[in-house]
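Biologist: I've got this one open on my screen and would like to walk through it with you. Shall we start?

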Amino acid sequence: MAIERTFSIIKPDAVAAGNAGHVLQLLIDGGLRPVAMRMMHLTTAQAEGFYAVHRERPFFKDLVKFMTSGPVIVQVLEGENAIAKNRELMGATDSRKAAAGTIRQKYGTDIERNAAHGSDAPDTAKYEIGFFFSGSELATLG
């Protein structure tokens, strides 16, 4: 199995509810290690740029509004098959359909307020990591 990196966001709903630490612990317990992390409040321009792939979708404006509604935690996670592992730990996009014990089932409420974002493929992870972090901000863990 390959060690890889993926990008993750603990969304405003989970941060506001005081669940960021719980989400992070589930990721760590699942075998992922943070190599970069920052709490920030996304600007409208940052949210629109990050989610530009969804610009033409009907939910885009609501997504941007939600993602700028409060602080988020952006992070880079490392581990064996980190992309697939993170997505497994997060659960289905719609929190109401997520498997028991997943991040979204435990800390999300619906398809929009679902506590976490994670990259879906290697190219996406590379882009998303680069959107928020420079190479010098990524720790090398031994």
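Modeller: Sure, and one term up front: helices here are DSSP runs of H or I with at least four residues, strands are runs of E with at least two, and both are numbered from the N terminus. Bear in mind that this is a predicted model.

Biologist: Which elements each supply at least two residues of the lining of the largest pocket?

Modeller: That pocket has a volume of about 610 Å³. Of the 22 residues that line it, Tyr51, His54, Phe59, Leu63 and His117 are the closest to its centre. The elements you're after are helix 4, strand 4 and helix 7.

Biologist: And how many residues of that lining are charged?

Modeller: The lining is a mix, with 8 nonpolar and 6 polar residues. The charged ones number 8.

Biologist: Which residue in strand 4 is the bridge partner of isoleucine 9?

Modeller: Strand 1 (residues 3-10) runs antiparallel to strand 3 (residues 72-80), joined by 8 bridges. Strand 1 also runs antiparallel to strand 4 (residues 116-118), with 3 bridges. Isoleucine 9 touches Ala116 and His117, among others. Its bridge partner in strand 4 is histidine 117.

Biologist: Which element gives the largest share of the largest nonpolar core?

Modeller: That core has 21 residues, and Phe7, Ile9 and Met67 are among those with the most contacts inside it. Elements giving two or more residues include strand 1, strand 3 and helix 7 (122-132). The largest share, 5 residues, comes from helix 4.

Note on methods: Residues numbered from 1 in each chain as written. Predicted model: local features only at pLDDT ≥ 70, side-chain atom pairs only at ≥ 80, totals over all residues. Heavy atoms only, no water. Pairing = 2+ DSSP bridges. Core = buried A, V, L, I, M, F, W, Y, C linked by side-chain atoms within 4.5 Å. Buried < 20%, exposed > 50% of the residue type's maximum accessible area, 1.4 Å probe, protein only. Contact = heavy atoms within 4.5 Å. 1 Å grid on protein atoms, 1.4 Å probe; cavity = no way out; pocket = protein on both sides within 12 Å on 5 of 7 lines; lining within 4 Å. Points joined across faces, edges and corners; volume = space filled by probe spheres on them. Nonpolar A, V, L, I, M, F, W, Y, C, P; charged D, E, K, R; others polar. Lists of a residue's contacts leave out its neighbours within four places in sequence.
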